[in-house]
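This briefing covers a sheet, a pocket and one residue of the structure shown below.

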Amino acid sequence: MTEKQLAEVFRKFGVEKFDPTNEPFDPHRHNAVFQVPDNSKPPGTVAHVLKAGYMLYDRVIRPAEVGVTQDQNNDSAAENNTSDKGSEA
């Protein structure tokens with residue numbers, strides 16, 4: 001009940017909460033905290049939201065803290081490249 005009333009007061013003064021789940025990562029609206037290997041979504045898509053963001057009209061007053069997807073195939077290739085380089089030395 002308190003959260004609902006607070007959201008109404010925020011909305012009255014132009015502050016809105018946004019949930020960017022499944023949106024493409026935008027560094028102006030999101031703060032990436034971690035990456036998640038996930039082939040079900042395109043790389044660079046917001047997969048998890050730790051903290052929702054807030055906007056005052058069209059300006060971001062707090063970016064959302066999010067986890068972003070990354071391609072699993074590129075990770076395994078990068079790991080193979082680094083392990084190959086280590087064995088060459």
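Strand β4 (residues 53-56) and β5 run antiparallel and are joined by three bridges. The model is predicted. The topics below take up the sheet that holds these strands, then the largest pocket, then residue T69.

**Sheet**
- Within the β4 and β5 region, R59 in β5 is the bridge partner of L56.
- The strands form an open sheet of three, in the order β1-β4-β5, and the pairing is antiparallel.
- At the edges are β1 (15-18) and β5 (59-62), each of which pairs on one side only.
- On average, neighbouring strands of this sheet are turned by 35° against each other, with direction ignored.

**Largest pocket**
- The volume of the largest pocket is about 190 Å³.
- Its lining consists of E3, L6, A7, F10, R11, V15, E16, K17 and Y54.
- Helix α1 (2-12) and strand β1 each supply at least two residues of this lining.
- The largest share, five residues, comes from α1.

**Residue T69**
- T69 is located in strand β6, which spans residues 64-70.
- T69 counts as buried because its relative accessibility is 2%, and the cut-off for buried is under 20%.
- A polar atom of the T69 side chain lies 2.8 Å from the backbone oxygen of P42.
- Apart from neighbours within four places in sequence, T69 is in contact with V36, D38, K41, P42, P43, G44, T45 and A47.
- P42 therefore appears both in the contact list of T69 and as the residue whose backbone oxygen lies 2.8 Å from the polar side-chain atom, while T69 itself is buried at 2% relative accessibility.

Notes. Residues are numbered from 1 along each chain as its sequence is written. This is a predicted model: local features need pLDDT of at least 70, side-chain atom pairs count only at pLDDT 80 or more; totals for chains, interfaces and linings use all residues. Side-chain values use heavy atoms; hydrogens and water are left out. Helices (H or I, at least four residues) and strands (E, at least two) are DSSP runs, numbered from the N terminus. Buried means under 20% relative accessible area, exposed over 50%, partly exposed in between (1.4 Å probe, protein chains only). A polar contact is a pair of N or O atoms within 3.5 Å; within protein, one must be able to donate a hydrogen and the other to accept it, and residues adjacent in sequence count only if both atoms are side-chain atoms. Contact means heavy atoms within 4.5 Å. Two strands pair if DSSP finds at least two bridges between them. Axes are lines fitted to C-alpha atoms, for helices over the stretch in contact, and angles run from 0 to 180 degrees between N-to-C directions. On a 1 Å grid over the protein atoms alone, a cavity is a set of points where a 1.4 Å probe fits but cannot get out, and a pocket is an open set with protein on both sides within 12 Å along at least five of seven lines; lining residues have an atom within 4 Å of a point. Grid points are joined across faces, edges and corners, and a volume is the space filled by probe spheres set on the points.
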